[in-house]
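Dear colleague,

I am passing on the structure we spoke about, and below it you will find a short account of what came out of the analysis. Please read the account with the structure open beside you.

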Amino acid sequence: MKNNIRVERAIKNITQGELAEIVGVSRQTINSIESNKYVPSTVLALKMARVFGKPLEEIFTLEEGD
Amino acid sequence: MKSRFLFPYWCRYLGWGLVIAHVPVTMIARNQGLNVDSPLVNNGLFTGGHLFFISTALLMSLGLFLVAFAKEKIEDEQIWQIRLDSLRWAIYINYIVLITSLVFINDTGHILELNLCVPLLFFIIRFRWVIFRLNRSLSREG
């Protein structure tokens, strides 16, 4: 699964730490999600989508083989 | 994220304290020539050897237990996943060690002792190692 959280963060001008605090996880988790090392739960994905004010599909997209 | 059945964060330090404390206690016990390995068979309940056995084996396993199952500063779903993964590995390793030692070693007392600390010890090492690697990749990102 791909995501463009890094881009969305840049648009909204917030750091990994700030996003982590808003959605209630650690900075490590945001970092692993951004670098595609960790797939977030639906709840966490929805929370992040709400922060960016966009539907889920605009932030997370399925890849070949998923 | 709700994290039930975990000890508070400070228990980690208490746990390490207990683990460290058991070292001098064990050394004293061995110097005194007490049979710390299987005191119940030789002495009976709450004799000197048995009390030392309690203070060493229990101090260590309780300490490891507290360290292993204390909450992290920020408990989130990734930590949960790492914890679960590490537990799985710990069980694998434990059973490999257990079965190998049952086949090749004829000393059930020590196997039991090994079995007491191997899963917890391996779990702690694996868990902390993964978190350490996460933190390192974080500091590389800046």
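To begin with a helix contact in this predicted model, A:Leu19, A:Ile22 and A:Val23 of helix α2(A) meet A:Leu44, A:Lys47, A:Met48 and A:Val51 of helix α4(A). Sorted by class, the residues of this contact comprise six nonpolar ones and one charged one, with no polar residue among them. Helix α2 of chain A covers residues 16-23 and helix α4 of chain A covers residues 42-52, and their axes, which come within 10 Å, cross at roughly 115°. As to its hand, the crossing of α2(A) and α4(A) is right-handed.

These two helices belong to a chain that holds five helices and two strands in total, and, if you follow chain A along its sequence, the elements appear in the pattern β-α-α-α-α-α-β, with a strand at either end of that pattern and the helices between them.

Turning to the overall form, chain A has a radius of gyration of 11 Å, which agrees with the value near 11 Å that a compact globule of 66 residues would have. The C-alpha atoms of chain A fill a box of roughly 30 × 20 × 20 Å along the principal axes. Of the 66 residues in chain A, 21% are buried. Finally, among the contacts in chain A with a separation of 6 or more, 52% are between residues 24 or more positions apart.

With best wishes

Methods
Residues are numbered from 1 along each chain as its sequence is written. Chains are lettered from A and ligands numbered from 1 in the order in which they are written. This is a predicted model: local features need pLDDT of at least 70, side-chain atom pairs count only at pLDDT 80 or more; totals for chains, interfaces and linings use all residues. Axes are lines fitted to C-alpha atoms, for helices over the stretch in contact, and angles run from 0 to 180 degrees between N-to-C directions. Helices (H or I, at least four residues) and strands (E, at least two) are DSSP runs, numbered from the N terminus. A crossing is left-handed if the near helix is turned anticlockwise from the far one by less than a right angle, and right-handed if clockwise. Two residues are in contact if their C-beta atoms, placed from the backbone, lie within 7 Å. Ala, Val, Leu, Ile, Met, Phe, Trp, Tyr, Cys and Pro count as nonpolar, Asp, Glu, Lys and Arg as charged, and the others, Gly among them, as polar. The radius of gyration is taken over C-alpha atoms; the globule rule is 2.2 Å times the number of residues to the power 0.38. A residue is buried if 20 or more other C-beta atoms lie within 10 Å of its own, exposed if 12 or fewer, and partly exposed in between; C-beta atoms are placed from the backbone.
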